[in-house]
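Please open the model in your viewer and keep a selection panel at hand. The tour below moves from one selection to the next and says what to look for at each stop.

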Amino acid sequence: MMKQFLSDLKNALKARNIDSKSIDDIISDYQDMIDSAIEEGLSEAEITKKFGDVQQIAEELAALEEEKQADHKDEPKDVSLDTDFEVEDGYNLYIKLSNDDIVFEESENDKVHINISNKQALKGYTIEFENNTIRIERPKYSSVSSYFKRDKGLVFTILIPKNISMHSLHHETTNGDTKADYLKASKIELITINGDGAFKSLLSDSLRINTVNGDFEIDKGKFDELNISMVNGDVALRNTDVKQDAQLKTVSGDIQVDTFTCDTLFFKTVSGDLQARETYPKKVHLKSVSGDISITNKEKTPFEILKNSSLSGTISIH
Amino acid sequence: MKSQFKRGILEICVMSFLVDEDLYGYAIINRLSQKIDVTENTIYPILRRLTKEGFFDTYLKESQAGAPRKYYRMTYKGINHFLRQKDEWDAFISGVYQILNQGVSDDETILKRFKERTES
């Protein structure tokens, strides 16, 4: 009975043009699994029932072999793509990626230049420009399975013209890291799960950062409004001025601030700590469960305390 | 779509068995089918795929009953892949839970809420 099963399987595999070496492997694996099942006391009838339909097995395995061949066709080749976009004042940049890193650079040019390089095919990515908006999007995966199969992503280098104003930058990524030495837009939104961000000279009317595990570092920031919400990631802000309110929310990530001004500093934490040095808010609104808060400045400039509550964390001011 | 979705999840489950010990094919199938309703013929192709990708390697070891069995062993490449996938899965599933459990989570309350909204 088992011999019949194996010979049926072999024929079904042959009928699907699977190469003979793979067929030998598969048959020997099945022989192995059937032996184990017999050792565990299953009857041949039970096993045949358990292992199911040979045609279906052959179908699955044939799909796998085909996939392997297709993967082979997409073997690493150096892809480098350069594209220019003739944007006008008030343009938008919309980015949605998974594992790809981004580097923003300032440019004297009057076009947005995008360079993508990696030893991987660019298959499935969308890069388009319409209505003064550049959209960069990862391939649309049709299933969770292919979502899990992705490996390391691409590296995008985006040259941002100095003399053309950007209205909005939306950047959403799962694991990709982001780096910028200079970046300015009226509205900036950065959303990541694990991706980190490092920014120097970041300027915006409204900056919003939303991260789960990503670490963010900002040096020389100038914002009208700042809104950071994080779960486990750590954030460091240096030399940063916020005209209006700065809202910082964390679950367990720590926030380090050095040389910072703002109107009202809202800080809300579960267990993450806030360590703020050389910090000059006009008002503070602090809420903590067990996170420690420390706000100091050399000038001993007083500020109004709107709220100051902590369950078990220590709060020290000046 | 449904089977693709399931395959991605089964891949992570199969990998998680091999974190702690090397196992032979039928043992993996058995463990998985104790917890999840799967047929054997979906699992073998997964084992084969993950081996081809270099996430597992295999070796033969004598069994008590005689015939040598093929054991699957997790590689370093495999454990790295597993950890990354697990992170993505955690992030994905926590998002799904957050969406599904907004407000309350028991069926009765959800249904009541829906009825109140639509029948008024």
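Begin where the two chains of this predicted model meet: select the residues of chain A that are in contact with chain B, and you should have 25 of them, facing 28 residues of chain B. Colour that side of chain A by element, and you will find that those giving two or more residues are α2 (20–39), α3 (44–51), α4 (54–73) and α5 (144–149) of chain A. Of these, α2(A) gives the most, with seven residues. If you recolour by residue character instead, the side of chain A that touches chain B divides into eleven nonpolar, seven polar and seven charged residues.

Next, select residues 2–15 of chain A, which form helix α1. With 14 residues at 1.5 Å a residue, α1(A) should span 20 Å, and its end C-alpha atoms are indeed 20 Å apart, so the expected and modelled spans agree. Which residues of α1(A) are buried? They are Leu9(A), Ala12(A) and Leu13(A), and they cover an arc of only 100° around the axis, which puts them on the same side of α1(A). An α-helix has 3.6 residues a turn, so residues three or four places apart point the same way. Turn the view to the face of α1(A) that points away from its buried side, and select Lys3(A), Gln4(A), Ser7(A) and Ala15(A), the exposed residues carried there. Just after α1(A), stop at Asn17(A), which takes a positive phi of about 60°.

Now move along chain A to its strands and select β11 (residues 197–211) together with β12 (residues 216–230), which pair in the parallel sense over 13 bridges. To see one position of this pairing, pick Arg208(A), which stands opposite Asn227(A) in β12(A). Keep β12(A) selected and add β13 (residues 235–242) of chain A, with which β12(A) pairs in the parallel sense over seven bridges; here Ile218(A) has Leu237(A) in β13(A) as its bridge partner. Then add β14 (residues 246–250) of chain A, whose pairing with β12(A) is also in the parallel sense and runs over five bridges, and centre on Ile228(A), which stands opposite Leu248(A) in β14(A).

Turn to chain B, which holds five helices and three strands, its elements running α-β-α-α-β-β-α-α from the N terminus on. Select the strands of chain B, and you will see that the three form an open sheet in the order β1-β3-β2, with antiparallel pairing. The strands β1 (23–24) and β2 (56–62) of chain B stand at the edges, and because each has a single partner strand, one side of each is left without a neighbour in the sheet. Zoom in on β1(B) and β3 (residues 68–74) of chain B, which pair in the antiparallel sense over two bridges, and pick Leu23(B), which stands opposite Tyr72(B) in β3(B).

For the last stop, select residues 76–100 of chain B, helix α4, whose 25 residues at 1.5 Å a residue should span 36 Å, a value with which the 36 Å between its end C-alpha atoms agrees. Within α4(B), highlight the buried residues, namely Gly78(B), His81(B), Phe82(B) and Glu88(B). Then widen the selection to the whole chain, where buried residues make up 28% of the 120 residues in chain B.

Key
Residues are numbered from 1 along each chain as its sequence is written. Chains are lettered from A and ligands numbered from 1 in the order in which they are written. This is a predicted model: local features need pLDDT of at least 70, side-chain atom pairs count only at pLDDT 80 or more; totals for chains, interfaces and linings use all residues. Two strands pair if DSSP finds at least two bridges between them. Helices (H or I, at least four residues) and strands (E, at least two) are DSSP runs, numbered from the N terminus. Two residues are in contact if their C-beta atoms, placed from the backbone, lie within 7 Å. Ala, Val, Leu, Ile, Met, Phe, Trp, Tyr, Cys and Pro count as nonpolar, Asp, Glu, Lys and Arg as charged, and the others, Gly among them, as polar. A residue is buried if 20 or more other C-beta atoms lie within 10 Å of its own, exposed if 12 or fewer, and partly exposed in between; C-beta atoms are placed from the backbone. The expected span of a helix is 1.5 Å times one less than its number of residues. The arc is that of the directions from the helix axis to the C-beta atoms.
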